[in-house]
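Thank you all for coming; I would like to take you through one model this morning, going slowly and staying with what the coordinates themselves can support. Please have the sequence and the structure open beside you while I talk.

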Amino acid sequence: MTDDEFTAYHDLADETGDHRWAFGTGFTDPLEGIDTSVPDGVNAAALAAYCLMLGDDALIYSHRLQQWMTRLPELEEETAIANIALDLLGQARMLLARAGRAEGAVLAESTGLAESTGLAEGTGLAEGTGLAEGTGLAEGTGRSEDQLAFFRLEKDFRNVRLAEHADADFAQLAGRLLIFSTWRLALLGRLHDSRDPVLAAIAAKGAKELAYHRDYAAQWVIRLGDGTELSRTRMQAALDTLWPLVDELFRADTVAGDLPGVAADPAGLRAEFDDVLSTVLAAATLDHPGAAPMAEVAGKCGRDGVHTEALGYVLAELQSVARAHPDAAW
Amino acid sequence: MTADVAAARQIAEAVTDPELPMLTLADLGILRDVTCENGHIVVTITPTYSGCPALREIACDLQHRLTLAGFAGSTVRTQIAPAWTSDWITPDGRRKLHAAGIAPPNPAAAGAPPPRGPVPLNLIMAPRDPVACPQCGSLDTAATAAFGATACKALLRCGTCHEPFEYVKEF
């Protein structure tokens, strides 16, 4: 092939022998070449569980945002939501890959994988997924981002319930994006000096993206809230609907507790979140919602794998192609 | 091997970005390192945004160009820290963007939304500092969309010549 004939298409086709290549396919490990060894003194199983939580938040919410494509009121909002969903998908890929590597570190340490049932306890990582066979787990490598995204059951997902909610209208989209991005920005902002350098790097990059997401959402909440009587009514109704899912974001979890210096204390994010929400709601002339938190189930919620009905529908769509064609590559 | 690395670096620097084809990887500031390990060239790049879908294509492009130049078996690695900033776009890169009708980014330190800073209460997500129209140079420009065709761009319009244009966001 001469230089003139070169296209990335030919190169990818040569490499994979697959001529159906399209832009955005041919995914490789997003952490390729990055030192993902777990720092001394860091609980690798807890680190894997923690990255899975943050990765699942981004993955599931990104999917919900993607479902808005072709349904948004203006082309500009299409590109905005597509970009935001893409940022979150990128964060999800890195976090799930990081979870898989940390999981691999746990498995490499443990002798006699089949007997090491203690590993799964509390983390939900390997519990009941039946993935250990034939996936390289036995070699101590941990699961890949694809295995984690496409081949886990609903109860093994660790996202907060806010992420899986189905927006009923554009006001809910704007309100949920404001709540989610304000909370996640506060969270990632505290992880930039995490003792796990990989998590710190993912967080530092993600925080810059979330600052744009939050600004975008705040702008729409203000425009709708301080808009017409109808837009204000709907914006207020959206926040009232979403508010029961807010408390869970700040709920203490044992995983973060097992990661001093690595993870952020969820409760510690509340003051910053409340500040931002109060400021935006005041500018939007909206009332601060007062709805009671959604009930937990026997003390469990999203972080424990106990979800609302909505997650099943997300996963059915997200996972169906991969599950129907488990040997397919993209 | 030193000379070889320098030659490989020159090739890697000249590879262009698939979404901003007027920019080389060096112009864009995403080429972090070119080294030689065990006789093979290792190129390290960093993504602009977490979800950048062009990274894979860039990696293939790099390997292909290096192979054509006689550097077989090269590898491309990703590095995410320190996070890419639009400040790393070189003066050359800024000139090329401008020539292509795309406004280059203002300094990120001054303009990007500060992570964890106060939430701006605008109705339009405007760049903090005025952006000059790449067509007529007017500073009378306004944002029309905060997100553009790629993650790194916003859409603006000039109030003087009325041309819409893309702006590489400070990031």
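Let me begin with a definition, since the pairings I describe depend on it: two strands are taken to pair if DSSP finds at least two bridges between them. With that in hand, here is one such position, where B:Arg157 stands opposite B:Pro164 in strand β7 of chain B. I should also say at once that this is a predicted model, and I will come back to the confidence values at the end.

First, the overall layout of chain B. The chain has five helices and seven strands, and, read along the sequence, these follow the pattern α-α-β-β-α-β-α-β-α-β-β-β. Of the 171 residues in chain B, 45% are buried. If we take the contacts in chain B with a separation of 6 or more, residues 24 or more positions apart account for 52% of them.

Now to the strands at the end of that pattern. Strand β5, residues 141–145 of chain B, pairs with β6(B) in the antiparallel sense over four bridges, and within that pairing B:Ala143 stands opposite B:Leu156 in β6(B). Strand β6, residues 153–158, is in turn joined to β7(B) by five bridges, again with the strands running antiparallel. How many residues lie between β6(B) and β7(B) in their hairpin? There are five, and B:His162, in the turn, has a positive phi of about 65°.

Strand β7 itself covers residues 164–168 of chain B, and four of its five residues are buried. Besides the hairpin partner, β7(B) is joined by two bridges to strand β4, residues 102–103 of chain B, and there the strands run parallel. The bridge partner of B:Ala103 in β7(B) is B:Tyr167.

Chain B also has an open sheet of three strands, in the order β1-β2-β3, with mixed pairing. Its edge strands are β1 (31–37) and β3 (75–78), each of which pairs on one side only. Neighbouring strands of this sheet are turned by 25° against each other on average, if direction is ignored. Between strand β2, residues 40–45, and β3(B) there are four bridges, with the two strands running parallel, and B:Ile45 has B:Thr78 as its bridge partner in β3(B).

Which helix lies across β2 and β3 of chain B? That is α3(B), which runs at about 150° to β3(B). Is α3(B) mostly covered or mostly uncovered? Mostly covered, as 12 of its 14 residues are buried; among them are B:Arg56, B:Glu57, B:Asp61 and B:Arg65, alongside others such as B:Leu55, B:Ile58 and B:Leu62. The length of this helix can be checked as well: at 1.5 Å a residue, the 14 residues of α3(B), 55–68, should span 20 Å, and the end C-alpha atoms are indeed 20 Å apart, so the two values agree. After α3(B) comes B:Gly70, with a positive phi near 95°.

Finally, a word of caution on chain A. Its mean pLDDT is 86, and 82% of its residues reach 70 or more. Over residues 1–5 of chain A, however, the pLDDT is below 50, and this stretch has three contacts in the model beyond near neighbours in sequence. The pLDDT is also below 50 over residues 16–24 of chain A, a stretch with 11 contacts in the model beyond near neighbours in sequence.

Conventions:
Residues numbered from 1 in each chain as written. Chains lettered and ligands numbered in written order. Predicted model: local features only at pLDDT ≥ 70, side-chain atom pairs only at ≥ 80, totals over all residues. Expected span 1.5 Å × (residues − 1). Buried ≥ 20, exposed ≤ 12 C-beta atoms within 10 Å, placed from the backbone. Contact = placed C-beta atoms within 7 Å. pLDDT = per-residue confidence, 0-100. Axes fitted to C-alpha atoms, helices over the stretch in contact; angles between N-to-C directions.
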